[in-house]
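Open the model in your viewer and keep the sequence panel beside it. Each stop below gives a selection and then what to look for.

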Amino acid sequence: MNTAKTNHFGRRLISLLLAVMLIASLCVSGIGSFSAVTVNKAATGEDQIVYKLVDTITVGNEYLIVNTNEAGDAFALKNNGGTSGGTSMAAESVKILSADIDADSTADLFIADAAEDIVWQTTENGEGFNLTNGTDYLEGKSGSIKIYDAQQNAVRSWKYTDSKFQFNNSATYNLYYSSRNGFSAGTSRNLYVFEKTTVSGEIVIPTDAPTEAPTEARSQERRRLLLRYKHGRNFCLRRKLRR
């Protein structure tokens with residue numbers, strides 16, 4: 001057997017394996033995505049409804065109230081059905097997607113589908129606004145935030161400032177989400193709003209787009225793989241030069 005040819009084949013094989021590992025990692029991380037899928041499959045030019053992440057509330061518009069502003073799985077505030085004594089809030093699982101939906105060459109975070117019971121209407125009320133779903137009202141009262149089948153106090157309203165919802169009654173109620181308790185009244189915590197938006201035509205997103213925003217850990221992993229690939233190639237070259 002020709003030893004030189006065998007060693008050369010081994011070096012080529014190592015380089016190829018390292019390259020495959022690097023490409024696979026970059027694709028999983030959302031780099032090098034070429035195939036695509038269509039959200040809602042609307043015909044070209046046909047309008048469709050999505051819910052786009054925004055920073056502020058414009059009174060009169062409709063919103064989803066969501067626990068995170070990152071792509072991937074999330075929870076939206078759900079109406080369990082208002083009663084005279086108030087019903088506890090619920091959480092509905094939703095998927096946050098990322099794509100350029102307004103043709104400005106910038107990726108937008110949005111939710112493609114929403115059931116009626118998670119879409120909240122805003123109506124003007126003094127310096128704030130009411131939050132309603134259908135004919136039911138979300139209000140703070142007697143130490144908790146619940147859903148009522150009629151407005152409890154016409155002069156009390158919601159405000160949304162710095163990503164926080166507050167209801168001002170005789171006390172201030174903060175709308176809160178936790179993985180243990182879902183949506184409830186609690187410590188002030190960030191919640192995010194996705195505004196009902198009409199877009200034209202198809203929304204296309206990469207099939208292998210990351211479902212989470214890039215993190216420093218994933219960036220470091222990509223750098224480690226690049227260094228491993230570079231080190232492997234240098235090792236093969238050194239062996240070749242020594243021979």
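The tour goes from confidence to strands, then to the cores and the salt bridges.

**Stop 1: colour by pLDDT.** This is a predicted model. The average pLDDT is 78, and 65% of the residues score at least 70. Select strand E3, residues 62-66: among the elements, E3 has the highest mean pLDDT, 98. Now select helix H2, residues 216-242, which has the lowest mean, 48. Two stretches deserve a look. Residues 26-37 stay under 50 and have 24 contacts beyond four places in sequence. Residues 209-219 are also below 50, with 10 contacts beyond near neighbours in sequence. Where pLDDT is low, the predicted coordinates should not be read in detail.

**Stop 2: strand E12.** Select residues 164-168 and show side chains. They alternate along the strand. Phe165 and Phe167 point to one face and are buried. Lys164, Gln166 and Asn168 point to the other face and are not buried.

Add strand E11, residues 157-161. E11 and E12 run antiparallel, joined by 5 bridges. Trp158 has Phe167 as its bridge partner in E12. The hairpin between these strands has 2 residues, and Asp162 takes a positive phi near 50°.

Then add strand E13, residues 172-178, on which E12 pairs antiparallel through 3 bridges. Here the bridge partner of Phe167 is Tyr173. A hairpin of 3 residues makes the link from E12 to E13.

**Stop 3: the end of E13.** Select Ser178, which sits in E13. Ser178 is buried, at 8% relative accessible area. A polar atom of the Ser178 side chain lies 3.0 Å from the backbone nitrogen of Asn181.

**Stop 4: the cores.** Select Leu138, Trp158, Phe165 and Leu175. These have the most contacts inside the largest nonpolar core, which has 21 residues. E3, E8 (128-133), E10 (144-148), E11, E12 and E13 each supply at least two of its residues. E13 gives the most, with 3.

Centre on Leu175. Which residues does Leu175 contact, leaving aside neighbours within four places in sequence? The list includes Ile65, Leu77, Met89, Leu138 and Ile145. Trp158, Phe165, Ser184, Arg189 and Leu191 are in contact with Leu175 as well.

Another core, of 12 residues, lies apart from this one; select Tyr51, Leu64, Ala74 and Val94 to find part of it.

**Stop 5: salt bridges.** The whole structure has 5 salt bridges. Three are worth a stop.

- Lys52 and Asp108: the N to O distance is 3.8 Å. Lys52 lies in strand E2 (residues 47-54) and Asp108 in strand E6 (residues 108-111), so the pair ties together parts 56 residues apart in sequence. Asp108 is buried, with a relative accessible area of 9%.
- Lys95 and Asp73: the N to O distance is 2.8 Å. Lys95 is in strand E5 (residues 90-99) and Asp73 in strand E4 (residues 72-78), 22 residues apart. Lys95 is partly exposed at 37%, whereas Asp73 is exposed at 60%.
- Lys159 and Glu127: the closest N and O atoms are 3.6 Å apart. Lys159 brings you back to E11, while Glu127 is in the loop between strand E7 (120-125) and E8, 32 residues apart. Lys159 is partly exposed at 34%, and Glu127 is exposed at 73%.

Methods
Residues numbered from 1 in each chain as written. Predicted model: local features only at pLDDT ≥ 70, side-chain atom pairs only at ≥ 80, totals over all residues. Heavy atoms only, no water. Buried < 20%, exposed > 50% of the residue type's maximum accessible area, 1.4 Å probe, protein only. Helix = DSSP H or I, 4+ residues; strand = E, 2+ residues; numbered from the N terminus. Pairing = 2+ DSSP bridges. pLDDT = per-residue confidence, 0-100. Contact = heavy atoms within 4.5 Å. Core = buried A, V, L, I, M, F, W, Y, C linked by side-chain atoms within 4.5 Å. Polar contact = N/O pair within 3.5 Å; in protein donor to acceptor, adjacent residues only side chain to side chain. Salt bridge = Lys/Arg side-chain N within 4 Å of Asp/Glu carboxyl O.
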